[in-house]
Amino acid sequence: MNTVLYWAASFALLCFVLGMACATVRMVRGPTAQDRVLGLDAFYVNGMLGILTFGIRSGTAVYFDVALLIALFGFVGATAMAKFLLRGEVIEP
């Protein structure tokens with residue numbers, strides 16, 4: 001692997017970890033439930049991008065499948081939480 005690519009991926013991982021830390025603060029201290037949901041959404045997006053960057057850095061394809069699953073479950077979870085906050089129930093009778 002190229003040295004510049006390695007250091008760029010390392011810097012990107014550091015940035016994603018800092019983004020996850022900021023999202024964690026928003027999840028813990030968010031004054032409303034909507035802030036907490038947005039913090040969770042930002043947390044899983046940064047986690048997914050961190051796993052993708054780690055997969056690029058390590059050169060294995062397993063991490064890409066894991067990142068795809070995280071994106072899928074994160075989208076479904078964020079959609080369910082938004083619907084719950086909007087209507088008060090996830091599954092309508």
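These legends accompany close-up views of a predicted model.

**View 1. The whole chain is built from helices.** The protein has three helices and zero strands. From the N terminus, the order of elements is α-α-α. The radius of gyration is 16 Å, well over the 12 Å that the globule rule gives for 93 residues, so the protein is more spread out than a compact globule. Along the principal axes, the C-alpha trace spans about 55 × 30 × 10 Å.

**View 2. Surface, burial and contacts across the protein.** Of the 93 residues, 18% are buried. The exposed area of the protein is about 6500 Å². Carbon and sulfur atoms supply 75% of that area. Among contacts with a separation of 6 or more, 47% join residues 24 or more positions apart.

**View 3. Charged side chains of the protein.** The protein carries 6 positive side chains and 5 negative ones. The centres of these two sets are 10 Å apart.

**View 4. Helix α1 from end to end.** Helix α1 covers residues 3–29, which makes 27 residues. How far apart should its ends be, at 1.5 Å a residue? The expected span is 39 Å. The end C-alpha atoms of α1 are 39 Å apart, so the model agrees with that expectation.

**View 5. The buried side of the α1 and α2 pairing.** Five names mark the buried residues here: A9, S10, L13, F16 and A23, in α1. Which helix do the buried residues of α1 pack against? Their partner is α2, residues 33–58.

**View 6. N46 and its contacts.** N46 sits in helix α2. Is N46 buried or exposed? Its relative accessibility is 15%. Buried means under 20%, so N46 counts as buried. Leaving aside residues up to four places away in sequence, N46 touches F16, G19 and M20. Of these contacts, F16 is itself one of the buried residues of α1.

**View 7. C22, an exposed residue of α1.** C22 belongs to helix α1. The relative accessibility of C22 is 57%. The cut-off for exposed is over 50%, so C22 counts as exposed. A23, by contrast, is buried in α1.

**View 8. C22 and L86 across the model.** In sequence, C22 and L86 are 64 residues apart. In space, 25 Å separates the two, C-alpha to C-alpha.

Notes: Residues numbered from 1 in each chain as written. Predicted model: local features only at pLDDT ≥ 70, side-chain atom pairs only at ≥ 80, totals over all residues. Heavy atoms only, no water. Helix = DSSP H or I, 4+ residues; strand = E, 2+ residues; numbered from the N terminus. Expected span 1.5 Å × (residues − 1). Buried < 20%, exposed > 50% of the residue type's maximum accessible area, 1.4 Å probe, protein only. Contact = heavy atoms within 4.5 Å. Rg over C-alpha atoms; globule rule 2.2 N^0.38 Å. Areas by Shrake-Rupley, 256 points an atom, 1.4 Å probe, with all protein chains shown as cover. Lys, Arg positive; Asp, Glu negative; His and termini not counted. Charge placed at Lys NZ, Arg CZ, Asp CG, Glu CD.
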